[in-house]
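Please open the model in your viewer and keep the selection tool at hand, since this tour moves from the whole chain to single side chains.

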Amino acid sequence: MEKIQELTDKLYREGVERGNAEGQRLVDEAKAQSEKIVAEAQKEAAEIVAQARKQAKELDDNTKSDLKLYAGQALGALKSEIVNVVSDKLVSQTVKGLTGNMDFMGKFLVTVAKQWAAGQSVVISPADE
């Protein structure tokens, strides 16, 4: 009977030892797998952050480029409008001044009529004033 008890005890210890070893192996395996999952998640998160930063930089660059283009266009339109207004004022004042000068208008019309009648091209110059 003692032998049976020893044999039972031995089988029990071996079973417990195998169970403990199997349990430890499963814990180690789970720990390794969880570390792998965490590392992959961190890598994926870093890639997502890098992609988001890249897209934000592209958007920032595109926005700055568009703003620069629109500002240039607005400045060009403003310059053009200023030139038009100034030119209009200068031409209007000059034309009003010349048409108000009856001597100039008389000479102008006589010169135009003479050259036209002679079949020559009509040339108007400031020296005719």
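The stops below begin with the whole chain and then turn to selected residues.

This is a predicted model, in which local features need pLDDT of at least 70 and side-chain atom pairs count only at pLDDT 80 or more, while totals for chains, interfaces and linings use all residues. Residues are numbered from 1 along each chain as its sequence is written, and side-chain values use heavy atoms, with hydrogens and water left out.

**The whole chain.** Select the protein chain and show it as a cartoon, where you will find two helices and zero strands (DSSP runs numbered from the N terminus, with at least four residues of H or I for a helix and at least two of E for a strand). The radius of gyration is 49 Å, well over the 14 Å that the globule rule gives for 129 residues, so the chain is more spread out than a compact globule; the radius is taken over C-alpha atoms, and the rule is 2.2 Å times the number of residues to the power 0.38. Along its principal axes, the C-alpha trace spans about 155 × 30 × 15 Å. Buried residues make up 2% of the 129 residues, where buried means under 20% relative accessible area, exposed over 50%, and partly exposed in between, using a 1.4 Å probe and protein chains only.

**Salt bridges in helix 1.** Next, select E14 and R18, whose side chains meet in a salt bridge at 3.8 Å, N to O (a side-chain nitrogen of Lys or Arg within 4 Å of a carboxyl oxygen of Asp or Glu). Both residues lie in helix 1, four residues apart, about one turn of the helix; E14 counts as partly exposed at 27% relative accessibility, whereas R18 is exposed at 59%. Then move to E22, R25 and E29, which are linked in a network of salt bridges.

**K64 and its partner.** Which residue forms a salt bridge with K64? Select D60, because the closest N and O atoms of this pair are 3.3 Å apart. K64 counts as exposed at 53% relative accessibility, while D60 is partly exposed at 38%. For a longer view, draw a distance from the C-alpha atom of K64 to that of L109, 45 residues along the chain, and look for a separation of 58 Å.

**Helix 2 and what follows.** Finally, select residues 102-117, the 16 residues of helix 2, whose end C-alpha atoms are 22 Å apart, in agreement with the expected 22 Å at 1.5 Å a residue (the expected span is 1.5 Å times one less than the number of residues). Just after helix 2, G119 takes a positive phi of about 80 degrees.
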